[in-house]
Amino acid sequence: MTGQDVKTRLARIAVIVVNYGTADLAIKAVESVLSRAHGGREVQVHLVDNASPGDDAERLRDTCATRGWADRVTLWLEQENHGFGRGNNVVLRALAAEATPPDAVFLLNPDARLENEAIDLLAKTLEGDPQAAAAGACLHRPDGSRATGAFRFPGPVNEIARMINIGQLNRLVRKHLVPMSPYQDAGPVDWVSGASVLFRFRALQDVDFFDPGFFLYFEEVDLMRRLKVEGWRVLYEPDACVLHEEGAATGQYVKRAERQRSPAYLYHSWQHYFSRAYGRPGALLIAVMILPAAMLNILHRGLRGQTPTQPLRFIRDHCRYVIRPLLLGARDE
């Protein structure tokens, strides 16, 4: 890949919104796109319903019909819940088969919506750097505060520190922690949130889109890691603003009074990502090192009369869904 090979003007942009059980939010996300000018760029929206329970598909179909969206919104009613990456791949592979694919693709979570001309700002960011494959927006919570939108790649230091979760240790290794500052300056980063990110379509084709081995979580991290391996850059653009109701689409980050057990697919995604990034032996080593770190968290929090910060049944599930499959060379379903 060279800068000379990359088209400068991103005139045609496809927007993909993948919905699962959040029809009201998905409709607002689409509305936020249709209400913007995008710097005069041609923008086509693809709304995917991932076999949602209830009447989401019917409601999305009715909304597209009654609001006259037929010429600007393509509705994809899937019969299977593909997860995030594979749900996007349904559209991405169809776009790749077109005679003239779009210049760029903007991924927008159903629980997110544009607060300004974010797509135009992100497109200008990519146009200014021919070797940039992706540009991510600044995320705002409903209360107006900033959420983290730029990140470092996960690694052994971060994983151990995250599991121990002691303030002094986190400060000591802060340059290795995955989340960067919510007030991160514009420029190159390892990866950006998949809730609102613009990709060059050519770059996505270079890495064959999302890895279908992920169901949910780590898929955008892996995608951007593979882009960087191919020589592309990932940029963060804080002037592009997107409202994100974090966790509304997955329920994983909603504050609850009690500890919750993480779903098996989160452990599978961890195992798959670290296997791809570090090889199976490296992933196994990191996974084993996490266990004493988790036990230290339990001890430290227990001595202070506090609840462990790790998910409910973490050690048992980590052994079952991460360590055992890595030892056996196959996933434990």
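Select helix H4 first: Ala118, Ile119, Asp120, Leu122, Ala123, Thr125, Leu126 and Glu127 are buried there, where buried means under 20% relative accessible area, exposed over 50% and partly exposed in between, with a 1.4 Å probe and protein chains only. The helix runs over residues 118–127 and is mostly covered, with 8 of its 10 residues buried. Helices (H or I, at least four residues) and strands (E, at least two) are DSSP runs, numbered from the N terminus.

The model is predicted, so that local features need pLDDT of at least 70 and side-chain atom pairs count only at pLDDT 80 or more, while totals for chains, interfaces and linings use all residues. Residues are numbered from 1 along each chain as its sequence is written, and side-chain values use heavy atoms, with hydrogens and water left out.

**Thr125 in H4**

Stay in helix H4 and pick Thr125, which counts as buried because its relative accessible area is 15%. Not counting residues up to four places away in sequence, Thr125 touches Ala135, Leu235 and Glu237, a contact being heavy atoms within 4.5 Å. If you then draw a C-alpha to C-alpha distance from Thr125 to Val157, you will find 32 Å in space for 32 residues in sequence.

**From H5 to Arg301**

Move next to helix H5, residues 156–164, in which Asn158, Glu159, Ala161, Met163 and Ile164 are buried. To see what covers these buried residues, display helix H6 (167–172), H9 and helix H10 (314–328), which are included in that cover.

Which residue just after H5 takes a positive phi? Asn165 does, with a value of about 55 degrees, and Asn165 is a residue other than glycine. Most residues other than glycine have a negative phi. Asn165 sits in the loop between H5 and H6, and Asn165 counts as partly exposed because its relative accessibility is 32%.

From Ile164, extend the selection to Arg301: the two are 137 residues apart in sequence, yet their C-alpha atoms are 9.7 Å apart in space. Arg301 belongs to helix H9, and, leaving aside its neighbours within four places in sequence, Arg301 is in contact with Gln306, Thr307, Pro308 and Thr309.

**Ala51, another positive phi**

Go now to the loop between strand E2 (42–49) and helix H2 (56–66), where Ala51 is found. Ala51 has a positive phi of about 55 degrees although it is not a glycine, and Ala51 is partly exposed because its relative accessible area is 27%.

**The aromatic rings**

Show the aromatic side chains next, for a search of the whole structure finds 12 aromatic pairs. Select Phe218 and Phe274, which form an edge-to-face pair at 6.5 Å centre to centre, with 70 degrees between the planes. This pair links distant parts of the chain, since Phe218 lies in the loop between helix H7 (201–206) and helix H8 (219–229) while Phe274 lies in helix H9 (residues 264–303), 56 residues apart. Rings of Phe, Tyr and Trp (its six-membered ring) pair if their centres lie within 6.5 Å, and planes under 30 degrees apart count as stacked, over 60 as edge-to-face and the rest as tilted.

Are these two rings buried or exposed? Phe218 is buried, with a relative accessible area of 17%, and Phe274 is buried as well, at 0% relative accessibility. Adding Trp270, Tyr273 and Tyr278 to the selection completes a cluster that ring pairs link together with Phe218 and Phe274.

**Helix H8 and its end**

Continue into H8, where 9 of the 11 residues are buried, so that this helix is largely enclosed by the rest of the structure. The buried residues of H8 are Glu219, Glu220, Val221, Asp222, Leu223, Met224, Arg225, Arg226 and Leu227. After H8, select Gly231, whose phi is positive and near 100 degrees.

**The whole chain**

Finally, zoom out to the protein chain, which has 10 helices and 12 strands. Along its principal axes the C-alpha trace spans about 60 × 50 × 40 Å, and buried residues make up 51% of the 333 residues. Among the contacts with a separation of 6 or more, residues 24 or more positions apart account for 82%.
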